[in-house]
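Visitor: I work with models like this one on a screen most days, and I would enjoy a close look at a single part. Could you pick one strand and walk me around it?

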Amino acid sequence: MPKVIAPRDPKEWSLFTAGHTACAGCGQSLGARLVLNAAGPRTILVNATGCLEVFTTRYPSSAWRVPWLHSLFENASAVGSGVEAALKALGKADDVHVIVQGGDGGTADIGFGSLSGMFERGHNILYVCYDNEAYMNTGIQRSGLTPFGASTTTSPVGSEVLGNTTGKKDLPAIAVAHGVPYVATTTVAYPKDLEKKVKKALSIKGPKYIQILVPCPLGWGHDTSLTIRLARLAVQSGIFPVIEVENGKLTSVMRIARKVPVDEYLKPQARFRHLFTPAGREELERVQALADANIERFGLLGSKAG
Amino acid sequence: MARTLEKTQVMEGSRAIAASVQRCRPQVIAAYPITPQTHIVEHLAQAVANGELKAEYVKVESEHSAMSAVLGAEATGVRAYTASSSQGVLLMHEVLYNVAALRLPLVMTVANRAISQPINIWNDHQDAMSARDTGFIQIFAEDNQEACDLQYQAYKIAEHKDVLLPVMVCVDGYVLTHSYEPVSLLDQDLADQFLPPYEPSWALDVDRPVTYGVMLGPGEYLEHKYVLQQAQKRALGVIEDVAREFGTLTGRAHGGLVEEYRLDDADVALVGLGSLVSALREAADQLRAQGIKAGVLKIRTFRPFPAEKIVAALGGVKRVVVIDKGYSLGSGGILGMEVTAALASAGVPAVVDRFVGGLGGRPIPASTVVRAVVSPELPRRQDGFLDLKPEYLGEGD
Amino acid sequence: MKFYPGVPAMPGTSLDNHTGNWRTQKPVFDHAKCTACELCEQYCPEPCIIVADDGKFDVDLDYCKGCGICAEVCPFDAIKMVLELK
């Protein structure tokens, strides 16, 4: 059958192109596409090693329609710092956005040192963390962003231990502590919110940090169709607060219209299956307590002034 | 405007090197301090602060980030510079491969220093040797004038369209970086004439949105490595051409692959890298005075390894004595092994005596070299280690 | 295909890779029910949601991996996932 090019076809307008080898339903591929199209074509991307880098650039294919550079796992922020410095030297710094992006590892763990250096030196760079809560590319191992109770291949459920025993490294707070002028979180369930935050960040000079929760069907163990629903439930249960912190002050939160118990968010995910056994009851209560603490801390139910 | 060599001055090696780098007009500098490289990067920081050097100076938080930042800068199409030593060179190890494989013509000065444990801040060649597989071109300076002259040549070699590989200029830490020698710098106009502005062969550019840093599979990676090897081989010729051009401009022969001293009629050839060569020259003179026809083959470029030149220079000697300041534990001195392999492959019948000394900054005086030539038995019994002190050794050693 | 320095890949060449052959189910769009609200287009991870001549939304089957997100998010029940048997 002859191929019809529709009047509006993403092949024409999207800076992130289909044909990449992300898993079906991958939250990160959606996140990356939303970020890049919000940033526009005058953007240079520096990418850490990880799922996003691998599934978009298997030679000779590339899903990117902007200049894009991948170096190593832990140096994306440092490479980006060099790109930004070069643009300043060339007098092109005001004309081109530099976005550095990475996942759990490249941001919170192995890449943490270079991230801190980039923040501290005040480079005009937007850092985007695609938070899928584990090292997915290497096979779903536990990361510093893996939440309490999640089962991963290195924090598995066994007879002695039930999943991950530590909480998420609070990267937004760490970014704020570095004096980063714009820090925000969002999820792929809210594309307009994501787009607005990216555009706002890019209008500010200096380092910016946006952390995007991106569900991973393979790693989280859920049906490929539930990526968006889970990204929404993470917010509505209080597990993943969506906030903006500008110049150290909390300036916006996404209010929870109708609070849902964490069970609704956790149940469809195989990585939390053990929480619904008798042995996991205490852990489940702890997860609920963590969500409630988030709601309290950020006033997500509208009880606190912004 | 006169294009000249500046008046000869006595100054600290690091300061002279920094002044030479400044004249290369790097646009981005990113470096992390480590003894004994520190004075180089400090002088450059002062030059930027004084407005004498228009460069973005990124005060990175580690050497891994230093090499990564200059990688990013070169990838964006500017001339960049960094410097390091010892542990810093090791820490950035994986990034070195990246820079070479991306064909980025960066220049890095390495103030050669020993490797921990235990910590030792003095000079040897272990750090440079650890990087010999990375794809970096490696050139060693014998004295501070050469260290200066190699900086300009390094950029010209690196940025040559047939090469496009990063260059490591090796300068013996403390021995050269912190000693005061008379040097003559190029004035800026002469430097500009020799080294025109950088024209990148590729760059991250929103008007040409190409993807770099891809994943390459088993079906193509072998060929990629072959292509890099061919670039190293082409560098052999380019290094000589650039040295010739520099010589014409300045009257100084401080470049190229190898240099011979009294080798024409020699029976014994002394071979080494860097400042050690000065001791080898002295030793050759002393041996000649004793009636032994000694000469020196100075190897200036270690990567690409100039096997052909070495074979041509040493074809007529009966005995070759190689003194290494780097060592591959479990095997032996690295330069010695590579020279031996080159000569053996070419069927050169000379006997090669391999010695190692100078590790951790132990001086190698000419007298030690002479002793190694005249009575090599003791060091040979001790794995070739020169001037080994028995009081530190245990029973099983 | 000779290597250029740095081994670059050209922009958008992923489009040569038709990931549509991955799927086991495909979305079928009911143009009558579709209100062109754009939600499916916003949420497609590839992206491969297109706007057809009639202004209604549909899918580019060359790339659709059959994840089912579009059907899940459509508020008008205009998309059904149908098992594809070859």
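Guide: Happily; what follows is a tour of one strand of chain B, and then a short visit to some backbone features elsewhere. Please keep in mind that this is a predicted model.

Let us begin with strand E11 of chain B, residues 268-272. How many of its residues are buried? Five of the five are, so E11(B) is largely enclosed by the rest of the structure. Here, a residue counts as buried if 20 or more other C-beta atoms lie within 10 Å of its own. You can follow this along both faces of the strand: Val268(B), Leu270(B) and Gly272(B) point one way, while Ala269(B) and Val271(B) point the other way, and all of them are buried.

Now for the partners of the strand. E11(B) runs parallel to strand E12 of chain B, residues 294-299, and five bridges join the two. To find your place in this pairing, look for Ala269(B), which stands opposite Gly295(B) in E12(B). Another parallel pairing, over four bridges, links E11(B) with strand E14 of chain B, residues 319-324. A good landmark there is Val271(B), with Val322(B) of E14(B) opposite. So which helix belongs with E11(B) and E12(B) in a β-α-β unit? That is helix H10 of chain B, residues 276-289, and the unit is right-handed.

With the strand in view, here are the backbone features I promised. Most residues other than glycine have a negative phi, and most peptide bonds are trans. Arg103(B) is not a glycine, yet has a positive phi of about 60 degrees. Arg103(B) sits in the loop between helix H5 (93-101) and strand E5 (107-112) of chain B, and counts as buried because 25 C-beta neighbours lie inside 10 Å. Leu164(B), also a residue other than glycine, has a positive phi near 50 degrees. You will find Leu164(B) in the loop between helix H7 (144-159) and strand E7 (167-172) of chain B; with 22 other C-beta atoms within 10 Å, Leu164(B) is buried.

Turning to peptide bonds, the one from Thr35(B) to Pro36(B) is cis, with omega near 0 degrees. Pro36(B) lies in the loop between strand E2 (28-30) and helix H2 (38-49) of chain B. Over in chain A, a cis peptide bond joins Tyr59(A) and Pro60(A), where omega is about 0 degrees. Pro60(A) belongs to the loop between helix H3 (51-56) and strand E2 (68-70) of chain A.

How values were computed:
Residues are numbered from 1 along each chain as its sequence is written. Chains are lettered from A and ligands numbered from 1 in the order in which they are written. This is a predicted model: local features need pLDDT of at least 70, side-chain atom pairs count only at pLDDT 80 or more; totals for chains, interfaces and linings use all residues. A residue is buried if 20 or more other C-beta atoms lie within 10 Å of its own, exposed if 12 or fewer, and partly exposed in between; C-beta atoms are placed from the backbone. Two strands pair if DSSP finds at least two bridges between them. A crossover is right-handed if, with the strands pointing away from the viewer, the path from the first strand over the helix to the second runs clockwise.
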